[in-house]
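These are my notes from a first reading of the structure shown below. I record what I looked up, entry by entry.

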Amino acid sequence: MTAQAELRSPFRVSKRLAFTGLLLPAVGVITIFMIAPVAIVFVYSFLEPARYGGVVWNFSVEGYLQILFERDFVDGSLQFSADYLVILWRSVFQAAICTVLCLMISVPTAYFIATRSERTKPIWIFLITVPYWVNLLIRTIALLFILRDDGPLNKAIMMTGLTTSPLPLSYNNFAIGLGLVYSFLPFMVLPLYSAFERFDFRLLEAAYDLYASRRVAFFKIVLPVMRPGLIAGSLLVFIPSIGSYLAPDILGGGKTLMIGNLIGTQFQGAHNWPFGAALSMILLTVTLIVLIWMARRSARKNTGY
Amino acid sequence: MVIAAFRRNTALGSDEQVRVERSSGETAPAIQIAAEVTGLQKIYNPSTPQAFQALKDINLTIRSNEFFTLLGPSGCGKTTLLRILGGFEAMTEGTCRIFGQDVSLLPPEARPVNTVFQQYALFPHMTVRRNIAFGLEMLGRPKSEVASVVDRMLALVSMTDYADRKPDHLSGGQRQRVALARALAPQPKLLLLDEPLSALDLKLRQKMRLELKALQRETGITFIFVTHDQEEALAMSDRVAVLSDGRLQQVGTPEEIYEQPQSRFVADFIGESNLLCATVNRIDGALVEFRLAGLGSVNLNCSEILQVGQEVTLSIRPERIALSAVRGQCGLGPAVIFDRTYLGNAVEYHLRAGEQTLTVRSPRGGLRGLQDFAPGDSVFLAFEPNAPKVLTT
């Protein structure tokens with residue numbers, strides 16, 4: 001053994017130890033707060049419901065069957081029912097609209113912030129994040145107060161004389177959509193801002209130099225180069241909004257059921273934990289499919305040759 | 001024939017000559033001015049405390065088919081001038097014409113000009129082929145034409161084998177070629193190059209110099225090339241414009257710039273120069289006697305208008321001075337060698353004479369190469385009467 005190797009070997013061992021030690025808390029947190037709960041939900045989804053909440057430890061796929069079929073009260077036969085699929089679809093649709101709206105608002109906003117001077121940039125970022133110092137529940141209720149029939153927004157509109165009766169701004173899909181956009185907008189603005197920060201604006205000059213109009217340069221150069229930021233932002237908005245609970249509950253007044261509320265009621269009022277767990281697994285699967293699809297797409301676009 | 005004659009006529013012509021030829025050139029379209037900038041002022045952040053004048057009263061004429069270089073130290077305004085020609089910056093004052101058309105207010109996409117950017121600015125999400133095709137596609141050329149032009153461009157810069165790679169998978173030199181091909185593909189009348197070689201290593205840079213020059217001759221496109229590397233400028237250009245501090249210092253062929261610097265700045269910036277303080281002692285027609293502090297007197301043929309007693313600067317290149325151990329006919333000195341540097345193909349001596357220090361470069365080989373001096377030696381200086389350049393500014 002050379003002198004050098006002798007010197008290095010104890011250092012290596014301690015480095016490996018340090019590596020494991022540093023990783024341990026993260027592994028612990030993920031196991032306790034992510035893998036374990038998901039495993040519990042997975043197991044519960046295959047059990048029978050107890051009468052007043054909780055589960056009975058008998059294997060059953062009733063939870064999953066319930067999503068697609070209705071069991072007849074009299075003879076117990078299964079009949080197809082699209083009710084829950086409609087709720088799932090509505091959630092996906094709302095989340096998609098919310099994502100598109102956030103994109104449309106965030107692209108110009110992020111571009112604006114990224115092109116400010118180094119001195120004013122932090123101020124704009126600060127202004128974006130300030131509302132998030134207040135709890136989401138309080139902000140959502142505040143939004144409801146603004147949108148109500150006798151809220152300040154409707155009063156202002158009626159004062160202009162455009163309508164005599166208040167506009168239906170609250171307790172509907174519009175209010176839910178607005179609430180979702182409002183809740184998740186910064187998750188779009190911030191990744192897009194950092195993408196614009198890294199964007200090489202000389203690429204735009206090169207595009208203009210090669211006879212591209214502003215519009216074409218935006219769609220052929222800016223958007224494709226910013227894809228990673230756009231995808232990150234879209235996922236960060238889409239995933240929480242598909243399962244969102246607060247906005248549909250408060251702003252929708254619980255009238256239009258979303259998947260998040262449906263799951264909530266199974267654990268609270270309806271006392272059907274396995275069904276709620278099965279719905280959760282379905283929601284998780286839908287989310288994962290979207291994630292994998294996005295990752296595949298961006299991986300394919302980025303391969304070089 | 002007409003073109004050849006024109007080229008010969010204007011090769012060393014002054015700007016006045018060019019202007020005359022241009023007015024007659026309107027009937028003969030072969031004689032053309034590629035770009036013309038008049039009364040250009042560029043002020044950043046005007047009427048604010050941060051106001052900064054980047055370009056001061058620039059008047060410049062660039063001829064068709066010319067390899068024209070804007071040379072100057074960093075921050076001299078050369079890139080700003082190029083960006084104004086490309087349409088990326090607005091002028092504060094002045095006009096800019098490209099092939100006779102006033103483009104002062106036109107955006108980049110409306111100018112018959114393409115640019116090779118400093119860091120190439122290749123589109124990272126597109127393959128080499130699509131990068132090169134971009135300009136042609138934007139011009140709405142038919143697909144078959146785009147494909148054939150792109151193939152030709154790929155062959156021109158020997159990048160055919162890399163056509164389907166993305167810029168991330170290319171070396172610096174390859175990227176540079178792609179940037180060049182992309183800018184040449186739409187067949188611009190004028191190509192702007194913003195320090196395209198500065199990101200390459202020395203060997204590659206020297207190779208690309210020759211290639212660029214050959215490419216310019218082949219395509220006949222007017223090149224406007226920005227660099228801070230004087231060697232590059234001298235090696236490639238038909239004409240060079242030296243800029244300093246936002247002002248045009250001198251415009252001329254590489255020979256004129258090197259041999260006939262018109263200011264202390266140009267003499268100092270282009271190559272190495274000994275700048276010696278001298279006083280006019282006696283004027284006898286064209287023959288002027290200068291007294292050099294600490295070195296004695298020298299008679300030079302001089303066309304400048306001077307007065308007895310006037311303080312001037314004599315600029316003389318290190319390789320134009322000969323050293324000898326004895327005082328010759330017109331020898332200056334003595335000066336004392338305080339440092340000797342061996343450079344391989346030459347020996348560089350650093351001399352002190354009174355207050356002044358001088359650098360002399362003696363080639364190895366030839367008659368002058370036979371002599372060798374050591375630090376501490378006292379030597380005499382001699383040079384041909386046309387070797388120093390008298391600078392009054």
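**Entry 1, terms.** Before sorting a lining by residue type, I fix the classes: Ala, Val, Leu, Ile, Met, Phe, Trp, Tyr, Cys and Pro count as nonpolar, Asp, Glu, Lys and Arg as charged, and the others, Gly among them, as polar. I also note that this is a predicted model.

**Entry 2, the largest pocket.** I looked up its volume and found about 830 Å³ of space. Its lining holds 33 residues, and A:V225, B:P124, B:H125, B:M126 and B:D168 lie nearest the centre. I then asked which elements give two or more residues to this lining. Chain A contributes α7 (173-198), α9 (214-225), α10 (227-242) and α13 (273-302), while chain B contributes α6 (172-184). By class, I recorded 16 nonpolar, 8 polar and 9 charged residues in the lining.

**Entry 3, a sheet in chain B.** I traced an open sheet of 5 strands in the order β13-β12-β11-β14-β20, with antiparallel pairing. Because β13 (296-301) and β20 (389-391) of chain B each have a single partner strand, these edge strands are left without a neighbour on one side. On average, neighbouring strands of the sheet are turned by 40° against each other, direction ignored. Within it, β11 (residues 274-284) and β12 (residues 287-292) of chain B pair over 6 bridges. One bridge I looked up joins B:D284 to B:L287 in β12(B).

**Entry 4, confidence.** For the complex, the predictor gives an ipTM of 0.76 and a pTM of 0.74. Chain B has a mean pLDDT of 85, with 90% of its residues at 70 or more. Over residues 1-29 of chain B, however, the pLDDT is below 50. Where pLDDT is low, the predicted coordinates should not be read in detail.

Conventions. Residues numbered from 1 in each chain as written. Chains lettered and ligands numbered in written order. Predicted model: local features only at pLDDT ≥ 70, side-chain atom pairs only at ≥ 80, totals over all residues. Heavy atoms only, no water. 1 Å grid on protein atoms, 1.4 Å probe; cavity = no way out; pocket = protein on both sides within 12 Å on 5 of 7 lines; lining within 4 Å. Points joined across faces, edges and corners; volume = space filled by probe spheres on them. Helix = DSSP H or I, 4+ residues; strand = E, 2+ residues; numbered from the N terminus. pLDDT = per-residue confidence, 0-100. Contact = heavy atoms within 4.5 Å. Pairing = 2+ DSSP bridges. Axes fitted to C-alpha atoms, helices over the stretch in contact; angles between N-to-C directions.
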